[in-house]
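Open the model in your viewer and set it to a cartoon view. This tour moves from the whole chain down to single residues.

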Amino acid sequence: MKEYLKIAWRNIWRNKRRTLITIASVFFALWLALIMRAMQTGSYKHMANGIVEAFTGSIQIHHKGYWNDQTLDNTFEFLPEIATKVESVDNIKSAIPRLESFALASTGEQTKGILVVGIDPVKELDLTHPDRKLVEGEYFSGASSNGVLVSSKLAGFLRLSVGDTLTLLSTGYHGASAAGIFPVIGIVKMPNPELNRRIVFLTLTTAQELYAAYNMLTSLVLNIEDTDQLVKIKKDLTALLDDEIYEIMDWKEMNPELVQQIQSDEYGGYIMLAMLYLIVGFGVLGTLIMMTTERRKEFGVMIAIGMQKKKLGLILSIEMLFMAIVGVAAGVIGSLPVIGYLVNNPIQIQGEGAELFESYGFDPIMPAEFDLTYFISQSVVVLVIFVLATIYPVRSVLKLNEIKALRS
Amino acid sequence: MKVIDIKNLHKTYYESEHEVHAVQGINLTFEEGEFAAIAGPSGCGKTTLLNMLGGLDDPSSGEINIGGTDVSSLKSSQRINFRLNNIGFVFQAYNLIPVLTAKENVEFIMHLQGKSKIERDARTKELLEAVGLGDRMNSRPSKLSGGQQQRVAVARALASKPKFVLADEPTANLDSKATENLLDIMEKLNREEKITFIFATHDARVMKKARRVVYLEDGKVLRDEVK
């Protein structure tokens, strides 16, 4: 084997320029593919986090039918044993209660339909960290705090600042009228632009009072330890809770548009990568055809003097493998500093581009993500391309007619 | 002892839909230790006969028996193994493996045979010294002259200790001095190692040196002269 490795290694450097061009094509294809995947996965994660970590959480428990008919009449009573039961499931850190509804928000000059979210000021700190999103003012001082936190875009629209008052008008539980005037104690910037345009936070107690939905919840948001265990957690919860009363939904079910947007973008990315690899694949195949044709006589001589065709095929395969390994290694190493830079310095979209992002409900930022999975998958794709391209020369050698080859 | 026994050998092939009878009913035997030339004008069937003797080409009919084996009955991979262990080849254009040194080229055959490193090293040194290239063992073919490359090719052909060596126009690309030198070496090795050498040639210098010359014409044996 050592002899074959030696011959293969020397063979690939017989035509240095051609080998370097082949390796360079693999390098650039992989380099581009890795950076592209890093940007894509980073952006998807950022988009998902913008919704999941900042608002919906990974899993929510509702009253059955709430998601399709989001009214206060579809709330459920917050029984302490429910929270205890849910928190006993593996991988669930805590169950965070919420009461969500809609209201008309007014400052006198401006009025807008908004989302009102009643939160547990302490428990919410473990999941969505609203305190960290404060850009002005302060967080709720306690469960009975009567103030509101207003999202920054909404505050801008309503021309609100800390210390101003906000009037909320809505319909409460079982048709009761809901109205209240609340002091603005803080302005928060939500990472999801859509939420940032229309959200107001109250404490859970205040929200329940506003809507006359005492001890009622629209959702129990679950803070989970390992998002990869989503399916298992959901299964465990299903076994634990009465499905006639409750519905359990993960973030993908609650955000189908986002999932579709990510998927369609991802498919677009795959098509781009497929085209890139197709070009590289044909380039590699062209090199191999040239290499095989040029060395036809040499192959004939080697078989004539006693080398089995299979062994010759092995040498050719090793040559291809060497080129692939060098190209893949160069591509991976070359992409690392670029991806590392983009992970730490996400691209900030400015101007009209930023507006376009926001119009789709996304934060105008393109972070990269370092994930071993795409390094492995893209490297494997390149190796598979080489393996497929190697079929041609190996097949040619196995079918080689010594006499014709010696005469060539 | 008979090394090669050829009986009623025919080879017909088609060229642009025309039937070409390259070899027509040849009967020949070659004994151990012969130093023979197959001579004749271009197109007389020398190379075709040599290719069939080497198991590179199949006869249309007839039989080639080498040391008791009917070569044409062997499968492709068996035939390659048979060549490896029984036949040495010297080509007109040397055809050394360009990425290997002189030493590695000679060693390569023994490597394919699975011989040990000690055995390979000893035989390689012995052969390269015998062809006068003991000091050029680590040179690649591109650094050697045509004559030197052909001497390496002879050493390579002998490395496997074959029953016979087939040399197709081995001197065609060499000048007089290199030709004389190469023929002297091959004759010496023929005498010392008792290996049969069969040349396909139209080079008068080779025919002069050969102890037996088989003249072919139109695929038939015209005359068979033993000196």
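Select chain A. Its radius of gyration is 31 Å, whereas a compact globule of 408 residues would have one near 22 Å. Keep in mind that this is a predicted model. Turn chain A along its principal axes: the C-alpha atoms fill a box of roughly 100 × 50 × 30 Å.

Now colour chain A by domain. Domain 1 covers 2-51 + 258-407, and domain 2 covers 65-242. Note that domain 1 is written in two pieces. Place a marker at the centre of each domain, taken over C-alpha atoms: 48 Å separate the two.

Switch to secondary structure. Chain A has 14 helices and 14 strands. Next, colour by burial. Of the 408 residues in chain A, 39% count as buried. Then look at which parts of the sequence meet. Take the contacts in chain A between residues at least 6 apart in sequence: 81% of them join residues at least 24 apart.

**A loop in chain A**

Zoom in on His174(A). Where does His174(A) sit? The residue lies in the loop between strand 7 (165-171) and strand 8 (177-188) of chain A. Check its backbone: phi is positive, about 55°, although His174(A) is not a glycine. Most residues other than glycine have a negative phi. Is His174(A) buried or exposed? It counts as exposed, because it has 12 C-beta neighbours inside 10 Å and the cut-off for exposed is 12 or fewer.

**The sheet in chain B**

Move to chain B and show its strands. Four of them form an open sheet in the order 2-1-4-5, with antiparallel pairing. Strand 2 and strand 5 (69-70) are the edge strands, each pairing on one side only.

Start with strand 1 (residues 2-15) and strand 2 (residues 18-31) of chain B. They run antiparallel and are joined by eleven bridges. To see one of these pairings, select Thr12(B): its bridge partner in strand 2 is His21(B). Follow the two strands to their turn. They form a hairpin with two residues between them. Ser16(B), in that turn, has a positive phi of about 50°.

Now look at the pairing of strand 1 with strand 4 (residues 61-66) of chain B. Five bridges join this antiparallel pair. Select Lys7(B) and its bridge partner in strand 4, Glu63(B). Then select Asp5(B), whose bridge partner in strand 4 is Asn65(B).

Stay in strand 1 of chain B and pick Asn8(B), which is found there. Its phi is near 45°, a positive value in a residue other than glycine. How many other C-beta atoms lie within 10 Å of Asn8(B)? There are 12, so Asn8(B) is exposed.

**Where the chains touch**

Finally, show both chains together. Select the residues in contact: 16 residues come from chain B and 14 residues from chain A. On the chain B side, colour helix 2 (76-86) and helix 3 (102-113). Each supplies at least two residues to the side of chain B that touches chain A. Which element of chain B gives the most to that side? Helix 2 does, with four residues. Recolour the chain B side by residue class: ten residues are nonpolar, four are polar and two are charged.

Terms used
Residues numbered from 1 in each chain as written. Chains lettered and ligands numbered in written order. Predicted model: local features only at pLDDT ≥ 70, side-chain atom pairs only at ≥ 80, totals over all residues. Contact = placed C-beta atoms within 7 Å. Nonpolar A, V, L, I, M, F, W, Y, C, P; charged D, E, K, R; others polar. Rg over C-alpha atoms; globule rule 2.2 N^0.38 Å. Buried ≥ 20, exposed ≤ 12 C-beta atoms within 10 Å, placed from the backbone. Pairing = 2+ DSSP bridges. Domains from an automatic or database assignment.
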